[in-house]
Amino acid sequence: MKELDLATADVWEDAPGGEGGPLLGRDPFADVVEADPFVARLEQLALAPPARAPRPARLHAVAPARTSLPAPVPAREVRRVPTPLRRRRAATPSLAEIDLPEVQGLVDRLLGEEDRRRIAAIAHLVDGDTPFDRFGLSPEVFRQAFPIFHALYRWYFRVASSGHEHLPAEGPALLVANHGGLLPFDGAMAIVDVLLHSDPPRLARTIVDRWAGGLPWVNVFYARVGQVIGTRENFSDLLDDGQLVLVFPEGMDGVRKPITQRYRVQGFHLGFVEQALRARAPIVPVAILGSDDQAPILADVKPLAKLLGLPFLPVTPTFPWLGPLGLLPYPVRYRIVYGEPLCYHERFGPEGAEDARLVRYLANQVRRAVQVLIDRNRS
Amino acid sequence: MRNVLVTHADEPIGRRVVKTLFHDPDVGRLLAIGEGPPPRAFDRFLAGAEPRLAYVRADLARHRPVSVLFHSPGFREAEIDTVVHVPRHGAAADAHAPIVAGVAERTAEARLLLQHCLEANEVRSLVALGSAFVYRLPPGNANRLDEQSELDLDPDVLPETRSWIDCDMIFHGELHNDRMRVVLLRVPTVVAEGGFVYLNPLLAGPPGVRLRRLGFDPICALVSDKDVARAVQAALHSPHPGIYNVAGCEAVPLSLLGRWTGRPSLPVPRALLAAADRAAQLFGHDGARANASHLRFGFTLDTRRAERELGFRATNRIGLARAGDGSLRLETASL
C-alpha cells in the first residue's frame, strides 16, 4: 500500500473500476470526507451539466505571418516600418488565412502544403520583433524539428487519435494527460497531434519538470520547441496569454511506474487546477495509450539513482543491457483520445483556487476522467 | 512641477533619461550629475540665459563630493525634490575602455546617495534604476520572474551581479520610508540605438569573446533605453513606492545577443570553464564563474505590476537591422 502523502495531496480515492486498487491505497480520511456536506455539494455540482458552453476569448490583434527569421532590413528603415501594437493575447489565424510560405530547403520539401501552413502559424505566437518568444520558442527551430517528429508520428508510432472536436479553438485551455514511457514521446506525439488536428492550428505548450531545465542541450531544445519549465509564474503567464497548455500532473511518478501499474493513473499534483480556475480555462482530459508500452519498466534501482543524482534509474527489457540504445522506445501503436472539456471555472470562478479542499477534489475528478478515458479506449 | 536631479547623466542611459525628462512639461528644473564633461547632446539644453538644465561634475562614489553637492547653493536654488539614480553601467559596444571603473564604486554611490537623500528634507522621492539580474534563477532556459522572486545570494554569483544585488538591497531597505518615496526599477538587458547593449553582466566590459557553459544558451529579456527612460518618467509621477520590473516583449538567446553586440560567446565544458575561472582569478581578474546560474539559465520578467501601478508599458520594439558594414545588429524602433 502506498503511503498517502497529505502534504502533496495527490489523490483521495481509488481508481475507478477496482475495489481497493493496488496502487493508490485507501485514504484514511475517506469516510470523513464522504460525510462532509461540502463535498456532497461539490459532487452534485460536478455531476450537473454545464450551465453554458465556454465562451471563446476575443482576439485583439493578429500579427502578420512569419515563417522564419525576419529578413534583415537596413537600419535606417527600422523607424519607418509600421509596427503592430503589442498583442493582448496569443492567437493563431485559421488555416485558410495563413499564407503558404515559400519552400525553404529539404525540410519544407518533406512536408505537405497544409503542414507548412500549420507550422507557419507558430510564428504568430511570438510577440516581438526578435525571432524568439519570451520563453525561448523559436518558430524556425520548430520548423526544422517538426519533420522528425512528424515521421515518428506517422510511421513509427502510427498515431491514431479522436475527439479533436473537444480541442478549444482559441483562448486559454489545459490539456491534462496521463504520462508514461521513459522518454517523453507521449508529449511530443500529443503536440504533433494537436497541431495537425486543430484549426486554427494551435501549439500545445508542455509544462516540463524543473529537473529537465538543468540538463545541457535538453533545456535549450525544449525551450526552442515551445516547452516551458513548470513554475507557477510560467504556468499562469501562458494561460494569461491565451495559450494551450499540456500538463502531465502525475509528474515523475507517471514516468517511473512499473509495468504492473501501466495505464493506472498515478496521483495528481494540484497546481494545474488552481491555475485553470484563476485563468478561467477549461480542462480537457486526454488519454494517451501506447506510452506505457514503449519502455516497460521492470524495476527502479533507487539507491543507484540517488547516488547518480537521477530522479530514477529504470531497468527495462533493453536498458541498461543495450546501453543508451536501450532507452529508445519500442515501435508501439499510439492512440490519443481527447475527452469533453471540464469547465470548472464556470461554476467556481477564480476564487475557487483559494479553497484547498475544492482544488484537491477537482484534481481528483480530472484524474478520474483521464482514467475513464483510458479504460474505455484500451479495449 | 518637479525639480529633478539625475545621476550619471553623462552615461548613455542617464543621457536618455535627461532628454526624456527635459521634454516633460511636468518637470521643472533638471540638475544633471556626471563624472565627465557635459555630453554634446546637452548643448542645446544648456543654451540660453536661464537654462532649465544644469550640469555638475561630481564623483558620487566619494563622500566629500556628494556632501558638497547636496549642501551646495546650486542644489538649494534648484529646489530639488526628486532624485533619479542611474547607477554606473556597462560599456558601449565600441568603447575602447569599459565605462565601469569598478563594481565597488556602484555600491558606494548607492549608499552615499541614499544617505544624503534621507538627510535632505526637501527630497521627497528617489527613483533608482536596478538590474533584473539580481534574481535567483531556477533551472530552465527561460523562467518568468516577478517582483516577489528571490534574490540570488549564492556566493558563486558574478562580482558584477553581486554589486547590483548590494545596490538593490540598499534601496530595498528604505522602501517603507514614510518621508521619502523610494521606487526601484529592475531592468533586464538594455538595448539602445546603434545596437549598444547595457546592464547585462555577462556582456559588460570591452568587446571580445566571452565564455559560456556548453549545452546552455539562456534567454535574455530585452528593453529599449527609451522605454527605460519612460519607466523612470512614469515612476517619477506615480504616487506608489515599491519595486517594479520593467521589460519589453522581446527576448533573444545569449549567444545571438553576444554575436550581435560584438561579444560572441564561446561554449566550453564546465571543467574548462572552471579552470579558466581559476586562472583568471590567479591573475587578479574576475573569472566567468563556472557554476553561475546566469551562464546557464535565463529569465523573462513579469511586468504586470508596473503596468497596473505605474501605467507603464513598453512601446519600443527591438529587432534586427543591417548596419552600414553589412553586419546584423539589434536596433530599437518606436511605435
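In this predicted model, B:Val6 has a well-populated list of partners. Leaving aside its neighbours within four places in sequence, B:Val6 is in contact with B:Gly14, B:Val17, B:Val18, B:Leu21, B:Leu30, B:Ala32, B:Ile33, B:Val84 and B:Val86. B:Val6 also belongs to the largest nonpolar core, which holds 186 residues. The members touching the most others within this core are B:Val6, B:Leu185 and B:Val232 from chain B, together with A:Leu174, A:Val176 and A:Ala190 from chain A. The greatest contribution to the core comes from helix α14 of chain A (residues 356-378), which supplies ten residues. Two domains of chain A take part as well: domain 1 (89-153) and domain 2 (158-378) each provide at least three residues.

Another of these core members, B:Leu185, leads to strand β7 of chain B. This strand spans residues 181-187 and is mostly covered, with seven of its seven residues buried. Its side chains can be followed in two sets. B:Arg181, B:Val183, B:Leu185 and B:Val187 point one way from β7(B), while B:Val182, B:Leu184 and B:Arg186 point the other way. Both sets are buried, the arginines B:Arg181 and B:Arg186 included.

What does β7(B) pair with? One partner is strand β5 of chain B (residues 125-131), joined to β7(B) in the parallel sense over seven bridges. Here B:Arg186 of β7(B) has B:Gly130 standing opposite. Another partner is strand β12 of chain B (residues 242-245), which runs parallel to β7(B) and is linked to it by four bridges. In this pairing, B:Tyr244 of β12(B) stands opposite B:Leu185, the residue already met among the best-connected members of the core.

Definitions and conventions:
Residues are numbered from 1 along each chain as its sequence is written. Chains are lettered from A and ligands numbered from 1 in the order in which they are written. This is a predicted model: local features need pLDDT of at least 70, side-chain atom pairs count only at pLDDT 80 or more; totals for chains, interfaces and linings use all residues. A nonpolar core is a set of buried Ala, Val, Leu, Ile, Met, Phe, Trp, Tyr and Cys residues joined through C-beta atoms within 7 Å. A residue is buried if 20 or more other C-beta atoms lie within 10 Å of its own, exposed if 12 or fewer, and partly exposed in between; C-beta atoms are placed from the backbone. Helices (H or I, at least four residues) and strands (E, at least two) are DSSP runs, numbered from the N terminus. Domain bounds come from an automatic or database domain assignment. Two residues are in contact if their C-beta atoms, placed from the backbone, lie within 7 Å. Two strands pair if DSSP finds at least two bridges between them.
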